[in-house]
Amino acid sequence: MVAQAQDRPNSAALFPALLIALLFFLLGVGAFGVVVSNVVTTIRSSVEGEAFGTTLLRFLNTYGIIFPILLVVVGIILVRFGIGLFQQQARAASWARQILLWLIVVCAVLFVQSFNAGASGIDGSMGRGIETALPFLLAAAVLGTALWWMGANPHVYRGSETLAEASSRTAWNLLLPTMAILVLVAMRPLEATFVTSLTDRTFASTQQTNFIGFENYARLLGLRVDTIPCERGDAGACALNSDGSIDFPTERNYFADVGDTSYRELGYDDIIRIQFGENRLSVSARDNQFYEAIGNTLTFTVFSVTLELLLGLGIALVINSKFAGRGLLRTAMLVPWAIPTVVSARLWEIMLRDNQSGVVNHFFTQVIPLFSTSQAWLAAPELQIPALVLIDVWKTTPFMALILLAGLQVIPSDIYEAADVDGANKVRQFFSLTLPLLRPTIAVALVFRTLDAVRVFDVFQVLLGDRRFSLATYNYNTLILDRDAGYASAIGVVIFVIILLFTVAYVRILGVSAE
């Protein structure tokens with residue numbers, strides 16, 4: 001327990017303590033007031049008859065989503081500690097001192113920014129800069145006085161703070177700068193992308209932007225499942241095609257015949273057809289290219305990451321053992337990973353040519369006659385994804401092996417010596433010792449590689465272009481070629497959600513949080 005003075009405070013010391021509690025309470029209420037004021041200002045600035053979506057879009061573009069939420073959270077925290085200070089709680093006082101210190105730092109930063117802005121303006125001068133920054137200087141002085149008084153009068157507050165609570169406060173102090181940078185560098189751009197996805201904004205255009213809500217997501221993710229009966233002949237039986245298969249109408253013709261115009265008007269296209277008996281199950285999407293891009297990306301991700309994990313683990317186990325030339329092998333192993341992806345993709349494009357000038361086809365038709373004729377690796381649809389998977393495995397397996405090797409080297413060798421004494425063979429040691437101890441490292445490696453694989457761009461763009469899309473290349477084509485910034489932003493948000501789901505799944509399945 002942290003020591004706490006037991007002297008009973010006099011009434012003169014209670015008055016400043018109540019003032020500090022009132023200060024925290026007012027700061028908390030003020031944070032709420034800023035949010036309410038911003039909302040009221042946005043509503044007042046709207047013209048008569050303006051749509052709600054336009055007003056909402058103006059608010060989001062001006063203040064965003066994160067800033068109001070943070071203000072509300074900060075307001076709740078300040079009010080909570082203000083109540084704790086009124087009750088003279090020692091724990092609340094310890095947290096209040098830390099908050100005062102951070103508020104002083106914020107005031108100092110705002111003072112410097114305001115001084116520079118005032119002194120460098122059109123009519124700026126030194127006096128103008130001081131006048132602009134003076135409120136922040138006064139606020140820092142008030143907060144500094146409160147911080148000094150609380151440090152000089154700890155006996156005013158009752159109770160004590162445990163060591164765990166003190167350690168928690170220290171941890172939050174260390175995390176706050178990182179969280180602030182994360183909000184500025186990562187969350188704010190993601191917020192801007194999400195806001196853009198709610199509009200019909202055109203890229204690189206002065207065209208007016210309108211708020212359309214979740215229409216981009218409805219168009220992007222729209223799916224429907226229908227059962228389509230076969231075409232009937234004169235006798236009432238299913239009509240047959242020339243090859244003897246059952247004849248089914250196209251989805252557009254069928255829904256036009258039954259009077260369902262939504263299929264055509266909303267732009268559905270079939271992506272999956274499954275026949276069962278005299279009916280066909282049809283899965284249609286408003287954006288079938290997007291779902292094809294999801295399928296391409298997930299197929300590429302699952303196979304490439306799985307192969308890289310297995311091969312990387314094998315390479316890491318070999319390199320982790322002691323043998324002559326181990327250092328040279330480690331250096332040579334990193335060569336494929338060190339080559340830029342665009343360069344390696346061009347090299348593989350030459351090697352995968354669909355004639356005898358391609359090294360791969362020459363090898364599999366002449367050296368090892370696995371194929372009788374040359375294969376169109378990058379032209380045949382059924383070979384495109386396998387070719388890209390093999391290229392990515394060749395390039396990125398060293399990275400996976402490097403991460404796993406680092407995990408292997410922190411496993412103590414004495415546990416293997418004990419296992420040898422107990423008579424456990426190498427296979428038993430691998431599954432009972434190596435894999436469980438390597439699980440956190442495997443999770444980190446999978447997160448890094450899956451993140452890169454889901455947002456794969458360069459190898460698809462260089463080798464396939466617009467013949468076959470990944471999520472990233474489809475996003476690029478939508479933004480640059482179609483210039484639909486709102487729709488492209490919705491695709492970007494979906495990519496982020498997919499990556500987030502993969503990351504959470506890895507952490508949960510591999511039990512990293514428990515470790």
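Helix α17 provides the largest share of the lining of the second largest pocket, namely 4 residues, and I should say at once that the model we are looking at is a predicted one. That pocket holds about 490 Å³ of space, and its lining is made up of 14 residues, with Leu317, Asn320, Tyr416, Lys426 and Thr434 nearest the centre. Besides α17, the helices α10, α15 and α16, the last of these spanning 414-422, each supply at least two residues of that lining. Sorted by class, the lining of the second largest pocket comprises 5 nonpolar, 6 polar and 3 charged residues.

Let me turn to the largest pocket, which encloses about 1,900 Å³ of space. Its lining counts 44 residues, and those closest to the centre are Leu70, Val74, Leu103, Val106 and Leu176. Two or more lining residues come from each of α1 (11-45), α2 (52-63), α3 (66-86), α4 (90-119), α5 (126-152) and α6 (163-197). Here the division by class is 34 nonpolar, 6 polar and 4 charged residues.

Now to the packing. The largest nonpolar core has 45 residues, and the members that touch the most others are Phe300, Leu352, Leu388, Leu404, Val459, Phe460 and Leu463. The elements that contribute two or more residues to this core are α10 (288-320), α13 (341-351), α15 (381-409), α17 (426-454), α18 (458-463) and α20, and of these α15 gives the most, with 14 residues. If we take Leu388 and set aside residues up to four places away in sequence, Leu388 touches Phe300, Leu378, Val459, Phe460, Leu463 and Leu464. Apart from this core there lies another, of 25 residues, which includes Tyr63, Tyr291, Ile294 and Val493.

I would like to finish with one residue, Leu510, which is found in helix α20, residues 485-510. Is Leu510 buried or exposed? Its relative accessible area is 18%, and because the cut-off for buried is under 20%, Leu510 counts as buried. Which residues, then, is Leu510 in contact with, once its neighbours within four places in sequence are left aside? They are Arg439, Ile442, Ala443 and Leu446. For one of these, Ile442, we also have the separation from Leu510, which is 68 residues in sequence and, from C-alpha to C-alpha, 8.5 Å in space.

Terms used: Residues numbered from 1 in each chain as written. Predicted model: local features only at pLDDT ≥ 70, side-chain atom pairs only at ≥ 80, totals over all residues. Heavy atoms only, no water. Buried < 20%, exposed > 50% of the residue type's maximum accessible area, 1.4 Å probe, protein only. Contact = heavy atoms within 4.5 Å. Core = buried A, V, L, I, M, F, W, Y, C linked by side-chain atoms within 4.5 Å. 1 Å grid on protein atoms, 1.4 Å probe; cavity = no way out; pocket = protein on both sides within 12 Å on 5 of 7 lines; lining within 4 Å. Points joined across faces, edges and corners; volume = space filled by probe spheres on them. Nonpolar A, V, L, I, M, F, W, Y, C, P; charged D, E, K, R; others polar.
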